[in-house]
Amino acid sequence: MRDILVANHLRKEYRMEDVVVNALNDASFTIQEGEFVVILGPSGSGKSTTLNMIGGIDKLTSGELLYYDREDHEIKINEMSDKKLVDYRRRHIGFVFQFYNLIPNLSVRENVKLAWEMGVNPLNPDELIDKVGLHERINYYPSRLSGGQQQRVAIARALCKNPNILLCDEPTGALDIHTGIEIINLLLDFNQTYHKTVIIVTHNENIAKVADSVLYFKDGKVSKIEKHDKPLRTDEVEW
Amino acid sequence: MRQYAKNVFRTTRKNIFVMFCVILIISFGVAFYMGFAFYTRNLHNEIERYFTECRFADVFADVKGIDDTQLQSMKEIPGIRDVFGRQALQVRMLTDDEDKVVTLYLLGYKSHDRMNRILLGDGRKDDIPSNCIYMGKSVQKVYQFQQGDRIQIQTNGTTYTFYYGGDGTMSQYVEYVPDQMMTVTDDERYGIAFVDENVLEKINGTVDSYTELGFTLEDGYQYDDVKSQLTKALDAYGLYSITDKANQYSYEMFQSEIEMYSAVANAVSALFLLISMFMIYIIIRKMVESDRSIIGTMKAMGAGNMELFLIYLVQSLFMVLIGVIISFIVAVFISNALYADEAEYYNLTLTDIQILPDVVVKGILLTLFTVVGATFLGIREVLQISPVESMAAPAPKAGRTVEFPVWLTGILNSRQNIALHGVFRNVFRSFAIIYSIAFCISSMVVMYAVSNLLVYTGSEQYARTELYDLRVSLMDYVSENETVSGLQNPYILHKEGFAVYDMVTASDTKSAEMSIMAVDKDSQLYQVHDNRKRKISIPDSGVMLTEQAARKLGVKVGDTLQFQNGEICPKPVAIPVTKIIEVNAGENIYIRMDRVPAYFGRELGINNILCSVAAGHKADVAAAINKASNVVYAVDTDTIKTAAYESYEQQYSLIRVVIYATLILGAIMVYSIVNITVRERTTEFGTYMVLGFSHGEIFEIIGFEQLVCYLIGLLLALPLVKVFADLFTGLLNTSEQNMYIVKVTPQDYIAAIALCGITVFVSLVFVMRNIRKVQLTDILKERA
């Protein structure tokens, strides 16, 4: 497997009045294409900041973050202009948010179709809705869906653009255990079916057990990298 | 991005009432602009066509008398292309009502008139039968003569009988006033009439002698090029007055009316569009604020700023489209309604207005600018939204913390303290409410003041100036001691002499036909007031001019004016300008009656007598006066006031429409802003409810907040009133004829404050109704 993301000495400082907070402090790691990666760590360890950097929605203070596209072109995320970042997010990145971030005025189908309209080589929205098991509720508005169902829509929406990397910020954080497992299964399924790189930020150590690779964050650094040659199945994990 | 556009449209739908109101406000603003532009431009074009059809002269002069050969010799003056003369005579029309004196300005009609043609209503082009009289449209409208009706006129003690032939118009006398004292027309008492010129010559006892002259100029020549030579040449024939087309009474009146309508319409449009711009800005900004997380998500998904901008702009364009359609329909309605009266009045051939494409384009651009401009201002916030905001629930905004004095917080209960801090916590939200209240109050105050100003101009100023009950206009000048038979009446309590002399008045640089009014030093019956309603004394020496007259003649205090009248002072008389006063309207020149001999070398006499009459005897006195043969007409002040009021009726109607529209507009704006700003806090109020606050207590919080905003808005309204008052003063004075001052009174404030207060209260009641409908379970489920 080839590398898809290489991070070298990432630093991110936030200034809050006179206080400087080092959200990332010399973090380095490599992620390979098609990996199911979990980023673990306590609050304030820099995991969400890392996700934001990979997603191109925030900018590094220093360091190098490289992305290799389908043609293996090297793209320096940290040197991209705002305009190029927009294009990068559009073509290569899919987001799944903790609070789903569905657009309340749009139905299930419309929410997914929104991503389809933005994608360069998008997947069929109806098929994806089928796959996440919401065909029956295709015309429902988010307010009529449960949290788990909303997250399924969010996953379908993220995948619809056909991104190389799927970034998930606490995708099960707002869900009960049972629904959380369903969502993880769905993400694993898509990781395997579409061969997409999935990066999940979570507090939940159990999710790490099903991952190919686990990045442990502490004080803005990668404190440990764990590789699983044979990750567990969700039904093998004691949730 | 069609799906996101759907989202934006659906979000807008939540504010559908407000959006609809905004579109209506824009539409009315643009409709005012387009409607009045259609009206004034069509009217202008048609009236110009009417003047052209009448072969309106370039220069007009009144003389004592000139024959055709002498008149033709004026063509020798370089620049004069053609000349024209007409006989005219002031006569009295006898009516069944003995109390009433109706004065007709009788003009000779010839079918082959080359200039200033009289257009007969029945389209008649040939000569008028010798026993027929045609009446001006305005008089005819009052008396409703039928063809063949017997009409008697009287002059120099002889009565002549005619039969009514029809109506007609004459471009020089679209509105006829017999002398400069009458600044308004009274169609019941004065008017124009036409008889065959040969018949008029017989009545007049003069053949081939013209009193009214018209001149056309060669191409490339202006009035100033011929004025000096022409004035000198006409002096020999007793020149009373000479003026160019631009200053001819009817033409000038028409032009200034159009200017004023355009100015007021533009101001009203600007006001409406400013309000709608503000409202769109608030709505869009609030939409963006509430959609921060969604916009962040869109950005995280790869949406660019421009794409998001475009969606909001497309929505604006939709509003523009609806606004333009509505405004166009309203504009056509307004312009047709206004134009219909004028078309009938001027007997215009064009009966429906023509749609002017350039006005429509300007209307579209105006709408586009307002909506897109406001939208752009509102969505600038999109640029500030980072995709990171999609990743987490928004942190509570750092509100402004204001420390209030302990004595203040001590006297307020906890809800009132929450409210007080609430006002200053979100400055933008509070500013929106405060500004809408200030805007509403200040525009209402100024509208009331403008309305009062017009009422004053139309009626009250006559009551202040003209304190007599009756004014008797005499055929000839008489000495003040000379008695008029009717004025011996015992019911006349007090009488004063008064004179109006029509003069060619010239400064070093300009000249114009003006009237000089000679008034008693201590007159009790005629008092001059300026535009600040102050009583003004006529100076002991020299003449006093209104600012409008001074402008027209290009003089200032210390300059000298030359007065000349073919009959009473054939040689120019120089009088210094010693005082210039500002009045709302009127190009007047005043001199003290007792100073007239000192300047003119002799007593010129009086031609008007002002009388105050014992209560209940005005009609008896008027009837007695009317029997005197040298009385031309008698005017009572009530008639003047009524006529003046009627002449301003159209302007009153317009201002009334504007006042009502401003009221509705202000109410909509205040309601919308209060509604939007309170609704976005549903979660906050829901939380209060969960904590155990009653609806009454929540109403107290919101009510107290609005009260604080209202009081601050009131303070902000004070400077805004000054701005609006200055704006309207400037607009009303677009014409050099006017020098209005929009003066605000405490009553204007009280009315506006009360109305705006009621609006805010009603808005709160509606808002509370919405808050009562809030489902607490939904509130608790919300993310932020």
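Me: A disulfide is a pair of cysteine sulfur atoms within 2.5 Å. Why is B:C756 not counted as bonded to B:C440?
Reply: This is a predicted model, and in it the sulfur of B:C756 lies 3.6 Å from that of B:C440, the closest cysteine sulfur. The cut-off is 2.5 Å, so the distance is too far for a bond.

Me: What makes B:C756 buried or exposed?
Reply: The relative accessible area of B:C756 is 0%. Buried means under 20%, so B:C756 is buried.

Me: Why is A:C168 without a disulfide partner?
Reply: The closest cysteine sulfur to that of A:C168 is in A:C160, 16 Å away, which is too far for a bond. A:C168 is also buried, with a relative accessible area of 0%. Over all chains the structure holds zero disulfides.

Me: What makes A:R2 and A:D72 a salt bridge?
Reply: Their side chains meet at 2.8 Å, N to O. The limit for such a pair is 4 Å, so A:R2 and A:D72 qualify as a salt bridge. A:R2 belongs to the segment before β1 (3-16) of chain A, and A:D72 to the loop between β4 (62-68) and β5 (74-76) of chain A; they are 70 residues apart, and the pair links distant parts of the chain.

Me: How do you know whether A:R2 and A:D72 are buried, exposed or in between?
Reply: A:R2 has a relative accessible area of 22%, and A:D72 has 43%. Partly exposed covers values between 20% and 50%, so A:R2 is partly exposed and A:D72 is partly exposed.

Me: What makes B:K110 and B:E197 a salt bridge?
Reply: The closest N and O atoms of B:K110 and B:E197 are 3.2 Å apart. With a limit of 4 Å, B:K110 and B:E197 form a salt bridge. This pair also links distant parts of its chain: B:K110 is in the loop between β4 (102-109) and β5 (118-120) of chain B, B:E197 is in helix α5 (residues 197-204) of chain B, and 87 residues separate them. Both B:K110 and B:E197 are buried.

Me: Why is B:R592 called buried and B:D594 partly exposed?
Reply: B:R592 has 8% relative accessibility, and buried means under 20%, so B:R592 counts as buried. B:D594 has a relative accessible area of 43%; that lies between the limits of 20% and 50%, so B:D594 is partly exposed. The two form a salt bridge, with their closest N and O atoms 2.7 Å apart. Elsewhere, salt bridges that share partners join A:R2, A:E33 and A:D72 into one network. The count of salt bridges over all chains is 37.

Me: How many aromatic pairs are there, and why is B:Y143 with B:F145 called stacked?
Reply: There are 24 aromatic pairs over all chains. The ring centres of B:Y143 and B:F145 are 5.8 Å apart and their planes are at 15°. Centres within 6.5 Å make a pair, and planes under 30 degrees apart count as stacked, so B:Y143 and B:F145 are a stacked pair. B:F145 is buried, at 15% relative accessible area.

Me: Why is the pair B:F699 and B:F761 edge-to-face?
Reply: Their planes stand at 90°, with centres 6.5 Å apart. Over 60 degrees counts as edge-to-face, so that is the name for this pair. B:F699 sits in helix α20 (residues 695-732) of chain B and B:F761 in helix α21 (residues 746-772) of chain B, 62 residues apart. B:F699 is partly exposed, with a relative accessible area of 26%.

Me: What makes B:R285 a charge over the ring of B:F428?
Reply: B:R285 lies over the face of B:F428, at 3.7 Å from the ring centre. The distance limit is 6 Å. In chain A, the charged end of A:K224 sits over the ring of A:Y216, 4.5 Å from its centre.

Me: How do you know where the largest nonpolar core lies?
Reply: Domain 1 (53-252) and domain 2 (405-464 + 641-784) of chain B both give residues to this core, so it lies between them. The core has 187 residues, and helix α7 (residues 249-290) of chain B gives the most, with 23 residues.

Terms used
Residues are numbered from 1 along each chain as its sequence is written. Chains are lettered from A and ligands numbered from 1 in the order in which they are written. This is a predicted model: local features need pLDDT of at least 70, side-chain atom pairs count only at pLDDT 80 or more; totals for chains, interfaces and linings use all residues. Side-chain values use heavy atoms; hydrogens and water are left out. Helices (H or I, at least four residues) and strands (E, at least two) are DSSP runs, numbered from the N terminus. Buried means under 20% relative accessible area, exposed over 50%, partly exposed in between (1.4 Å probe, protein chains only). Rings of Phe, Tyr and Trp (its six-membered ring) pair if their centres lie within 6.5 Å; planes under 30 degrees apart count as stacked, over 60 as edge-to-face and the rest as tilted. A charge sits over a ring if NZ of Lys or CZ of Arg is within 6 Å of the ring centre and within 35 degrees of the ring normal. A nonpolar core is a set of buried Ala, Val, Leu, Ile, Met, Phe, Trp, Tyr and Cys residues joined through side-chain atoms within 4.5 Å. Domain bounds come from an automatic or database domain assignment.
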